[in-house]
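Subject: Structure handover

Hello,

Here is the structure for your records, with my notes below it. Please read the notes alongside the coordinates.

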Amino acid sequence: MRLVRFDGMRGVFRVRNRSSGLLKRVAVGLRIFGCDGPRPTRTEVKVFDLHLRPGQGQSFSFQIEHRCRRAAVAVVAQ
């Protein structure tokens, strides 16, 4: 899992199945720092149902409402 691109308001992250089995669901945690607006630090959790075979990857995009300086991504797979 890695953050591919982040421009302050929009970003793209990529999930890659590095296990030996089928990946059916991922929970992604976005931690966003240095934001303008009412909350300087934000945490968002998104759950995606997908079917990734071993070695496959898929990209996801996200958008936030205020400009931020930095973002980090964490994932839990099922």
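A disulfide, as the word is used here, is a pair of cysteine sulfur atoms within 2.5 Å. Please keep in mind that the model is a predicted one.

Disulfide

Searching the whole structure turns up one disulfide. Its partners are cysteine 35 and cysteine 68, with an S to S distance of 2.0 Å. That distance meets the cut-off, which is within 2.5 Å. The torsion about the S-S bond of cysteine 35 and cysteine 68 is about 105 degrees, and the disulfide is therefore right-handed. Cysteine 35 sits in the loop between strand E3 (23-33) and strand E4 (42-52), while cysteine 68 sits in the loop between strand E5 (57-63) and strand E6 (70-77), so the bond ties together parts that are 33 residues apart in sequence. In general terms, a disulfide is a covalent bond between the sulfur atoms of two cysteines.

Are the two cysteines buried or exposed? The cut-off for buried is under 20% relative accessible area. Cysteine 35 has a relative accessible area of 8%, so cysteine 35 is buried. Cysteine 68 has 5%, so cysteine 68 is buried too.

The chain as a whole

The chain has six strands and zero helices, which gives the pattern β-β-β-β-β-β when read along the sequence. Along the principal axes, the C-alpha atoms fill a box of roughly 40 × 20 × 15 Å. The chain has 78 residues, of which 27% count as buried. The exposed surface of the chain is about 5,100 Å², with 47% of that area supplied by carbon and sulfur atoms.

Taking contacts between residues at least 6 apart in sequence, 69% join residues at least 24 apart. As for charge, the chain carries 16 positive and 5 negative charges, and the mean positions of the two sets are 9 Å apart.

Nonpolar core

Which residues have the most contacts inside the largest nonpolar core? They are Phe13, Val15, Val26, Ile32, Phe48 and Leu50, in a core of 16 residues. Strand E2 (10-16), E3, E4 and E5 each supply at least two residues of this core. E3 gives the largest share, five residues.

Valine 15 can be followed further through its contacts. Not counting residues up to four places away in sequence, valine 15 touches Met1, Leu23, Val26, Leu52, Gln56, Gly57, Gln58 and Phe60.

Leucine 30 and glutamate 44

Leucine 30 is found in strand E3. Its relative accessible area is 1%, so leucine 30 is buried. With neighbours within four places in sequence left aside, leucine 30 is in contact with Phe13, Arg42, Thr43, Glu44, Lys46, Phe62, Ala72 and Val73. For one of these partners, lysine 46, the C-alpha to C-alpha distance from leucine 30 is 8.2 Å, at a separation of 16 residues in sequence.

Glutamate 44, in contact with leucine 30, has its place in strand E4. Its relative accessible area of 23% makes glutamate 44 partly exposed. Apart from neighbours within four places in sequence, glutamate 44 is in contact with Val28, Gly29, Leu30, Ile32 and Ile64. The C-alpha atoms of glutamate 44 and valine 73 are separated by 9.8 Å, and the two residues are 29 residues apart along the chain.

Arginine 25 and serine 20

Where is arginine 25 found? Arginine 25 is in strand E3, and at 38% relative accessibility arginine 25 counts as partly exposed. Arginine 25 and phenylalanine 48 are 23 residues apart in sequence and 5.7 Å apart in space, C-alpha to C-alpha. Phe48 was listed above with the core residues that have the most contacts.

Serine 20 has its place in the loop between E2 and E3. At 76% relative accessibility, serine 20 counts as exposed. From serine 20 to serine 61 the C-alpha to C-alpha distance is 26 Å, with their positions 41 residues apart in sequence counted as the separation.

Regards

Definitions and conventions
Residues numbered from 1 in each chain as written. Predicted model: local features only at pLDDT ≥ 70, side-chain atom pairs only at ≥ 80, totals over all residues. Heavy atoms only, no water. Helix = DSSP H or I, 4+ residues; strand = E, 2+ residues; numbered from the N terminus. Buried < 20%, exposed > 50% of the residue type's maximum accessible area, 1.4 Å probe, protein only. Contact = heavy atoms within 4.5 Å. Areas by Shrake-Rupley, 256 points an atom, 1.4 Å probe, with all protein chains shown as cover. Lys, Arg positive; Asp, Glu negative; His and termini not counted. Charge placed at Lys NZ, Arg CZ, Asp CG, Glu CD. Core = buried A, V, L, I, M, F, W, Y, C linked by side-chain atoms within 4.5 Å.
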